[in-house]
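Thanks for making the time this morning. I would like to walk through one structure with you, going from a single backbone detail to the way the chains pack.

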Amino acid sequence: MSLTLSHYLIFSTLLFMVSLGGIFANRRNLLVVLMSLELLLLSVNTNFIAFSKFLGHVDGQVFVFFILTVAAAEAAIGLAILVMLFRNKKSLEVDDINELEG
Amino acid sequence: MSPELLQQILFYLFGTIAIGSGMAVVSVRNTVYSALFLVLCFFNVAVLWLLIEAEFLAIILVLVYVGAVMVLFLFVIMMLDVKKVTKSQLKSGYTRAALLIAAAMLVELIMLFGYRLQNQLPADELIRQGLEYSNVTEIGRTLFTDYVYPFEVAGVILLVAIVAAIMLTIRKRPENKQIDASKQIHVNPADRIRVLSMDAEKGNGEDA
């Protein structure tokens, strides 16, 4: 018995749950929330690649390419916002950033 | 050992390390360690992608993610000097809620895969390609024919991200001799030169 699609689907489900739980449980550090987001995208990409390979369409892999591009842009802007936030608040805790100010 | 068995062993080995390091990312207390565990996770998932012959994306994952994005993360972590969290800051209420939500979604997804979609999932074996097959060629051909317009849009998105990141993090220093371009453009001649009308002076020594 060789590798099947279910192997990859179950793997990415587990990874997705781990990172989702990380986002919910994490109340200390925005950086770790961003990293959990990267993990979430990684598990989605694994699904895309598995379906693309087992269905024999290359389009899924092209989509993963685009997701990687957008995720890189998102990481850059997210980190820039984080740096600005740290300059203003001197803290990265999620609980400290729960207020709206003009 | 048959190649199928070897593939299975590799899949379980690297999959276990990937999920374990994923758990470490969200639970380790030091942020630098969590970034390094994320790097480990990326490497292991790249191996999993290699196992089903997605070579191009596996290499891209290592080059772009581990090489660029994670280095950016580490730079920011070291620049910000984040304090180590103490135990009291990890609130158990949130952890319980997170476990509950994750478990509920896991059950839902397993039910979806196990019962609802059981006969609709393609359960075929992976079609192994021959030696002359090139993953890069095929992706490149699709990318530059069917998806050439989204490809250009992706370039624009990256450009916007560069400009936005620079504009967000740029810091004005008071000792900087930088000139404000907008002020320069909107300058008025009237602000600079004042034309006075005066009577001409007489008797400059010629009459005398």
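Let me begin with a question: which residue follows H2(A), and is its phi positive or negative? The residue is A:Gly56, and its phi is positive, near 80°. Please keep in mind throughout that this is a predicted model.

A second backbone detail sits in chain B, where B:Glu53 has a positive phi of about 65° although this residue is not a glycine. Most residues other than glycine have a negative phi. B:Glu53 lies in the loop between H2 and H3 of chain B, and because 16 C-beta neighbours fall inside 10 Å, B:Glu53 counts as partly exposed.

Now to the helices of chain A, starting with H2(A), whose 26 residues should span 38 Å at 1.5 Å a residue, and whose end C-alpha atoms are indeed 38 Å apart, in agreement with that value. H2(A) is also mostly covered, with 19 of its 26 residues buried. H1(A), for its part, has 21 residues and reaches 30 Å from its first C-alpha to its last, which is close to the 30 Å expected at 1.5 Å a residue. Of those 21 residues, 15 are buried, so H1(A) is largely enclosed by the rest of the structure.

What, then, does H1(A) pack against? Two packed helices are described by the angle between their axes and the distance between the axes. For H1(A), residues 5–25, and H1(B), residues 3–27, the axes come within 9 Å and cross at roughly 10°, and the two helices are therefore roughly parallel to each other, the cut-off for that term being 35 degrees. On the chain A side the contact includes A:His7, A:Phe11, A:Leu14 and A:Gly22, and on the chain B side B:Phe11, B:Gly15, B:Ile19 and B:Val26 are among the residues involved. Taken together, the residues of this contact divide into 11 nonpolar, six polar and no charged.

A contrasting geometry appears between H3(A) and H5(B), residues 135–145 of chain B, which pack at an angle of about 75° with their axes 9 Å apart, and that makes H3(A) roughly perpendicular to H5(B). Here A:Asp59, A:Gln61, A:Val62 and A:Phe65 meet B:Ile139, B:Thr142 and B:Leu143, a set that divides into four nonpolar, two polar and one charged.

Stepping back to the whole interface, 60 residues of chain A are in contact with 70 residues of chain B. H1, H2 and H3 of chain A each supply at least two residues of the side that touches chain B, and H3(A) gives the most, with 21 residues. That side of chain A divides into 41 nonpolar, 14 polar and five charged residues.

The largest nonpolar core has 68 residues, and those with the most contacts inside it are B:Leu38, B:Val45, B:Trp49, B:Leu57 and B:Leu61. Both chains take part, since helices including H1, H2 and H3 of chain A and H1, H4 and H6 of chain B each supply at least two residues of this core, while H2(A) gives the most, with 12 residues.

One last residue is A:Ile81, which is placed in H3 of chain A. Is it buried, partly exposed or exposed? With 16 C-beta neighbours inside 10 Å, A:Ile81 counts as partly exposed, and its C-alpha atom is separated by 26 Å from that of A:Leu15, which is 66 residues apart along the chain.

Terms used:
Residues are numbered from 1 along each chain as its sequence is written. Chains are lettered from A and ligands numbered from 1 in the order in which they are written. This is a predicted model: local features need pLDDT of at least 70, side-chain atom pairs count only at pLDDT 80 or more; totals for chains, interfaces and linings use all residues. Axes are lines fitted to C-alpha atoms, for helices over the stretch in contact, and angles run from 0 to 180 degrees between N-to-C directions. Angles under 35 degrees count as roughly parallel, over 145 as roughly antiparallel, 65 to 115 as roughly perpendicular and the rest as oblique. Two residues are in contact if their C-beta atoms, placed from the backbone, lie within 7 Å. Ala, Val, Leu, Ile, Met, Phe, Trp, Tyr, Cys and Pro count as nonpolar, Asp, Glu, Lys and Arg as charged, and the others, Gly among them, as polar. The expected span of a helix is 1.5 Å times one less than its number of residues. A residue is buried if 20 or more other C-beta atoms lie within 10 Å of its own, exposed if 12 or fewer, and partly exposed in between; C-beta atoms are placed from the backbone. A nonpolar core is a set of buried Ala, Val, Leu, Ile, Met, Phe, Trp, Tyr and Cys residues joined through C-beta atoms within 7 Å.
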